[in-house]
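Here's a quick walk through a two-chain model, going from domains to the chain contact and then to a couple of local spots. Have the structure open as you read.

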Amino acid sequence: MMQLVRLSGLSVSFDGAQALRGIDLSIRKGEAVGLVGESGCGKSVTWLAALGLLPAKARISGSVLLEGQELIGAPPATLERVRGGRIAMIFQDPASSLNPVHRIGKQITEALTLHRSMTGSVARAEAKRLLDLVGIPDAARRLDAYPHELSGGQNQRVMIAIALAGQPELLVADEPTTALDVTIQAQILELLQDLRRQLGMALVLISHDLGVVAEACERVAVMYAGRIVEEAPVTHLFSAAAHPYTQGLLGALPPMDGPRRRLAAIPGGVPEPWAMPPGCAFAPRCGFRASACDAAMPELSSLAENHRAACIRVVQTALPRESLPA
Amino acid sequence: MKPGGILLNAEGLVRRYAMRRGVFGQAVEVRAVDGVSLRLERGRTLGLVGESGCGKSTTGRLVLGMESPDAGRVSFDGMIMPQPGSQAWRKLRARMQMVFQDPLGALDRRLPIATQIAEPLDIHGIGAASERSDRVETLLRAVGLRPDQGARYPHELSGGQRQRAVLARALATDPALLVCDEPISALDVSIQAQVMNLLLDLQEQFGTAMLFVSHDLRAVRQVSHRVAVMYLGRIVEEGEPDAVLHDPAHPYSRALVSAIPHPGRSGQRMVLQGDPPNPADRPTGCAFHPRCPVANSLCAREAPALKPRADGRLIACHVAHGEIAAGQGFAGQEAA
């Protein structure tokens, strides 16, 4: 598969506090990648930085290549064509992403005019097709509805329709189901899967929920304190998590069956960006901490094909270190 | 305190609200809770699961007397709940406490947490003033905070530490009942596990009974001895958490269980059509019938009663009780 987006060494700081500390991640065409981590780990900032959506005070370095085109520091005109046109993004709370005083039809056609120069009845017909595509019943009539007349799940479908208006090659969905009920979450996850199959679009699913990512993605990157600490194919991550943080996240999930055991909670909390530990950021909470952990930030090392982890223990116990595929 | 013996008994609770549609619209009656009965034994936990708007939080408030039911009654420790706001009720409130979802909203930002943890002791006049600081220290330790952290203000603590402070305050009066309304939903996964472990520890240590209100079936299984599934103001299924999770009998419980995302889930997910209905627009018959894959014509006419199956599981479903054959459902016929 061809590489679509490649982030390398992407770093972001706000007022001297580092939010992202060197992210390396590639997304191939049509691929579904999950980005998992707890609040403040930088999983949303990564994509806001890539698309130039951070406030001016953010200091961004590193590189984001979209099929060879550099996005960091790109002129606004270039970014405007990319945003919505090639990479679209949807957010957690659909109600606050939609304009409450405009009919949803207008909000979809606005995106169609912007990205595909459609107007009038052509745009309206396409807007109806998009609403059909995202599974809104009675789409023709719903074009004239206001966001408050729809439920939360339907509003998220509308957001997805707007995101699809520019025919993006990559959809970045930032916690798209977190604000929704579980049965509605299941509907939206199924919809994202269907759309990806139909449109061949790549998907980056940002979530704090390993379960959600396990179902919707092929590959997962786990983030902690502004870095990727482990990256693996989904099945691999759940069967053979290598990084202690990933193991901790899995252990913290209440099991569905078997005897009820005490949960293996990760002690303590996430370090503050202005008080980062000198070496591995997870060391203060890690059960396997050794003095070497504080010496330097561990780099992502390859353990198996497509499986990388940033932990010194892993390197010692796993395969001999090999050079990473470019 | 040993578990056993009924602590809380709620019978046929109903709570209605008047909702106006539009500025000049007629007031519509919304039944947030529509005939809920539940029992809770001492030192045990009952999990109450359901989606937003199903009335699980209102049920929690009703059993504490924070709201008065329009019908039904609550008895606590064998006595009928006194009139909310009365002297007797205030006195009783020391024995039942509530923990909310958002710890930052539940704490006073301008007071150090030790002061807030001592407040219930002052209000209920428990212990001598000189013993308060010892008591606060004990409570802080019980919830896994250091005594010196008592001097901190809420904004100086992390989300998990704040929820610990809220729990310490709730436990200050040594309550027999704790109603926890989504106590872990606002927390990160690793912190959720810490708080769930803490709830279990505290229950073992203090013998507190808990009503654990949550939308998360996995969390409910982890902490509860029994689970009740609510849909649109009614309990549709109640039983042992493992039994309900592994062999859900009500079609709605089945959909809820099937919707839990988890790695290694096998088989086709049962995805419900449509959204949970508006409580103001309650469907006729079984409230779940418009979304139910096995609904039959009887389901649209007659609401099923919650009654025990042979194995003791409580279920409110005509089909699950074998009263009628499974139908095709109505989901396809009705455009939302």
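How many residues of domain 1 of chain A are in contact with domain 2 of chain A? The count is 7 residues on the domain 1 side, touching 8 residues of domain 2, where contact means C-beta atoms, placed from the backbone, within 7 Å.

Some housekeeping: this is a predicted model, with local features needing pLDDT of at least 70, side-chain atom pairs counted only at pLDDT 80 or more, and totals for chains, interfaces and linings using all residues. Residues are numbered from 1 along each chain as its sequence is written, while chains are lettered from A and ligands numbered from 1 in the order in which they are written.

Back to chain A. Domain 1 covers 3-217 and domain 2 covers 244-317, with bounds from an automatic or database domain assignment. Their centres, taken over C-alpha atoms, sit 29 Å apart. On the domain 1 side of that contact, strand β2 (residues 17-28) of chain A gives the largest share, 4 residues. Helices (H or I, at least four residues) and strands (E, at least two) are DSSP runs, numbered from the N terminus.

Now for the contact between the chains: chain B puts in 34 residues and chain A 35 residues. On the chain B side, α7(B) gives the largest share, 7 residues. Here is how the two sides described so far split by class (nonpolar: Ala, Val, Leu, Ile, Met, Phe, Trp, Tyr, Cys and Pro; charged: Asp, Glu, Lys and Arg; polar: the others, Gly among them).

| Side | Nonpolar | Polar | Charged |
|---|---|---|---|
| Chain B, touching chain A | 16 residues | 12 residues | 6 residues |
| Domain 1 of chain A, touching domain 2 of chain A | 3 residues | 2 residues | 2 residues |

α7 of chain B also turns up around helix α11 (residues 244-252) of chain A, where the cover over the buried residues includes α9, β9, β10 and α10 of chain A as well. Those buried residues are Pro244(A), Tyr245(A), Thr246(A), Gly248(A), Leu249(A) and Ala252(A). Buried means 20 or more other C-beta atoms within 10 Å of the residue's own, again placed from the backbone.

Over in chain B, Leu7(B) lies in strand β1 (residues 6-20). Leu7(B) counts as buried because it has 23 C-beta neighbours inside 10 Å. Beyond four places in sequence, its contacts include Leu40(B), Phe76(B) and Ala209(B).

Finally, confidence: chain A averages a pLDDT (the predictor's per-residue confidence, from 0 to 100) of 90, with 96% of the residues scoring at least 70. Residues 318-326 of chain A stay under 50. Where pLDDT is low, the predicted coordinates should not be read in detail.

Methods. Two residues are in contact if their C-beta atoms, placed from the backbone, lie within 7 Å. A residue is buried if 20 or more other C-beta atoms lie within 10 Å of its own, exposed if 12 or fewer, and partly exposed in between; C-beta atoms are placed from the backbone.
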